[in-house]
Amino acid sequence: MKMRSGRTVRDLRRENRTAVLQRLYFDGPLSRFSLGPVTGLSSGSVSNVVSELVAEGLVEEAGSVDSAGGRPRTLLRISAHSGYMIGVDVGETRVRIELFDLALNELARLERPLATESPRRVDRYDVGVVLGHLREGIPEVLSQAGIPAERLLGVGIGVPGIVAGSTEDGAVVHGQTIGWDAVPLERLLRESRLLPETVPYYIDNGAKTLGQAEMWFGAGRGAQNAVVVLFGSGVGACVVADDMRAGMALEWGHLTVRVRGRHCRCGAKGCLEAYAGAEALLERWAEAGGRPPVGSDEETALTAMLAAAYPAPDAEGTTAPADATARAVLEETAEYLGAGFSDLINLFQPERILVGGWAGLQLGRRFLDTVRTYTASYSLKYPAARVQIDLGTLGPDAVTVGAAILPLADFFARGGRRTEADPEQQSPVWQTSLRERAAQ
C-alpha cells in the first residue's frame, strides 16, 4: 500500500528499523524509552521494531539502568555476532584482508605481499596476482574464525583508481597508474565462486573507504565538511560535504602542482603524486644523490629516509650527522603538500583535513606543523583560518575498516535485512546516515 508521499508501508518499516539500528549502533546501549527521542519514533513503533529485531537476533539485552522512580529500564545493543563483514585493502605493497563482526571487532586477518622480481610498479598489480590473493585469502580468514560464508553480510574492497558501475560486470576498476584498464573486478570475483551468490561484493576507491572509516569512527566525527587524504606509494583523497554526503573520491594526486614538472606514473607531468607519493619521494632522494636501502619495500625505505634526515641519539646520547640530501627532499615535499592542501581548502572549504595512509602517518608525525604553515601561505585567508589539519586516528588499517563499512552501511540501509532492495531507495537512507554520523 502506498501513502500520499509515494512511500509504501514496507518502506516505512524499513526506515524505522534503520533508524533504530543506527542509533543502537552509534549510541547504544539504549533503552526503549531513550530510543523514542533519538529516532523520532513513537513508543509503539519503537516497541514493534525492537521486538522484531530481538526476535531476529540482531538486537540483544545489555543489562538495565535505573529510571526516575520507576522500574529499571532494560538496555539494548546490537548483537555483534549477528553478522560478519570482510574488509580488503588492495594496497601499495600488500593485499590486506580482515574479518570483522557486526561491531567491527577484528576476528581474523592476513596479508599477502604485492612484489615481483621486476621493480616496475604495474607488475605488482597484475590482476591475476591480486585475484589469487583474494581467492586464497577470503576463505582463509573465514576458516581462521570458524565463520560460515553464508553469515557474511558482504565483502568490501578498497582499490586504487576510479571505480565505475556496469550493468553487466558490476564494479569496474580504472586504475591508470597501476595498469588496470577497465578491470571487471566484481565479475572476476563472482566467476571465482569464492562465496555464495547471496553474498555481495562492494568495491570502491581506497581513499574513499579510508574517509568513511575516519568519518564514522575516527578524527572526522563531528565534522559536516571534511577531506580525508591518503598517502602511500600514491596520493588520493575523499571529500565528505553537505552535497556529497556519501563521500566522493578525488584523484587529488594527479592535480598539477608544477607545469612541465616530473613525469608521473599516470603519464602526465607535474602531478602532486610525482612529488609527494612515497614512491616518487624515494626516487627524488636517489636522484639527488641519496642512498635508499637496496632490496627493501617502500615502507622500510621511507622509514630509513626519515631516520637518515633526522637521526635519533644512540644509547650513549650521540647523534650521527643528518643526511642533508634526505632532509632537503623531505622539506621540499612539505611545501608541495602545503600547496596541495591549499587547493583542497580553496575548492571545498572543509572544516577538517585529515591525513592517513602508511606514508601519510609517517610523514605527518614529523612534518605536519611545517605543512600547516605552507598551507596557510598558499590558501585564501578566510577558509584557511577555519580549517583544522590533523592526522587520522585509525592507523594504517583504516582502509580495511572503511571497506568493511560498505556492506555494513548497506545492511543498515535495508533495515537489517539480507534481501535485495531497490538501490534507488537505499541511497538516500545511507547518505543521510553518514551525514548524521559526521554531525555527532
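**Exercise 1. The largest core**

Which residues of the largest nonpolar core touch the most other members? Work out, too, which elements supply this core.

*Solution.* Keep in mind that this is a predicted model.

Step 1: go to the 45 residues of the largest nonpolar core; those that touch the most other members are Val 229, Phe 231, Trp 252, Met 305, Leu 330, Phe 341 and Ile 353.

Step 2: sort the core by element. Two or more residues each come from strands E12 (226-231), E13 (235-241) and E15 (352-356), and from helices H8 (273-276), H9 (278-287), H10 (298-309), H11 (324-348) and H12 (358-378). H11 gives the largest share, nine residues.

Step 3: zoom in on Leu 330. Skip its neighbours within four places in sequence, and its contacts are Leu 281, Met 305, Leu 306, Ala 309, Tyr 310, Leu 363 and Phe 367.

Step 4: don't stop at one core. There is a second, separate core of 36 residues, with Ile 86, Leu 99, Tyr 125 and Leu 131 among them.

**Exercise 2. A strand with two hairpins**

Find the partners of strand E5 (residues 94-101), and decide how enclosed E5 is.

*Solution.* Step 1: take the E4 side. Strand E4 (residues 84-90) pairs with E5 through seven bridges, antiparallel, and the two make a hairpin with three residues in between. For a register check, Val 88 has Ile 97 in E5 as its bridge partner.

Step 2: now the E6 side. E5 and strand E6 (residues 106-113) are also antiparallel, with seven bridges; here Arg 96 is matched with Glu 111 in E6. This hairpin has four residues between the strands, and Leu 104 there adopts a positive phi near 60°.

Step 3: check burial, using under 20% relative accessible area as the cut-off. Seven of the eight residues of E5 are buried, so the rest of the structure largely encloses this strand.

**Exercise 3. Glu 186 and its surroundings**

Place Glu 186 in its element, then settle what its charge is doing for a partner.

*Solution.* Step 1: Glu 186 sits in helix H6 (residues 185-192).

Step 2: look at what H6 lies on. The helix crosses E9 and E10, at about 125° to E9. These strands belong to an open antiparallel sheet of three, ordered E8-E9-E10. Its edges are strand E8 (162-166) and strand E10 (180-183), and neighbouring strands are turned by 20° on average, direction ignored. Strand E9 (residues 170-175) meets E10 over two bridges, with Gly 175 partnered by Trp 180.

Step 3: list contacts of Glu 186 beyond four places in sequence: Asp 169, Gly 170, Ala 171, Tyr 201 and Ile 203.

Step 4: test for a salt bridge with the 4 Å cut-off. Glu 186 is buried but has none; Arg 190, the nearest side chain of opposite charge, is 4.7 Å away.

**Exercise 4. A helix on a sheet**

Give the strand order of the sheet that contains E1, and describe how helix H1 packs on that sheet.

*Solution.* Step 1: the open sheet has three strands in the order E1-E3-E2, paired antiparallel. Strand E1 (30-31) and strand E2 (59-65) are the edges, each pairing on one side only.

Step 2: E1 is joined to strand E3 (residues 73-78) by two bridges, and Leu 30 has Leu 76 in E3 as its bridge partner.

Step 3: add helix H1 (residues 9-27), which packs on the sheet and touches E1, E2 and E3, with its direction at about 95° to that of E3.

Key. Residues are numbered from 1 along each chain as its sequence is written. This is a predicted model: local features need pLDDT of at least 70, side-chain atom pairs count only at pLDDT 80 or more; totals for chains, interfaces and linings use all residues. Side-chain values use heavy atoms; hydrogens and water are left out. A nonpolar core is a set of buried Ala, Val, Leu, Ile, Met, Phe, Trp, Tyr and Cys residues joined through side-chain atoms within 4.5 Å. Buried means under 20% relative accessible area, exposed over 50%, partly exposed in between (1.4 Å probe, protein chains only). Contact means heavy atoms within 4.5 Å. Lys and Arg count as positive and Asp and Glu as negative; His and the chain ends are not counted. Two strands pair if DSSP finds at least two bridges between them. Axes are lines fitted to C-alpha atoms, for helices over the stretch in contact, and angles run from 0 to 180 degrees between N-to-C directions.
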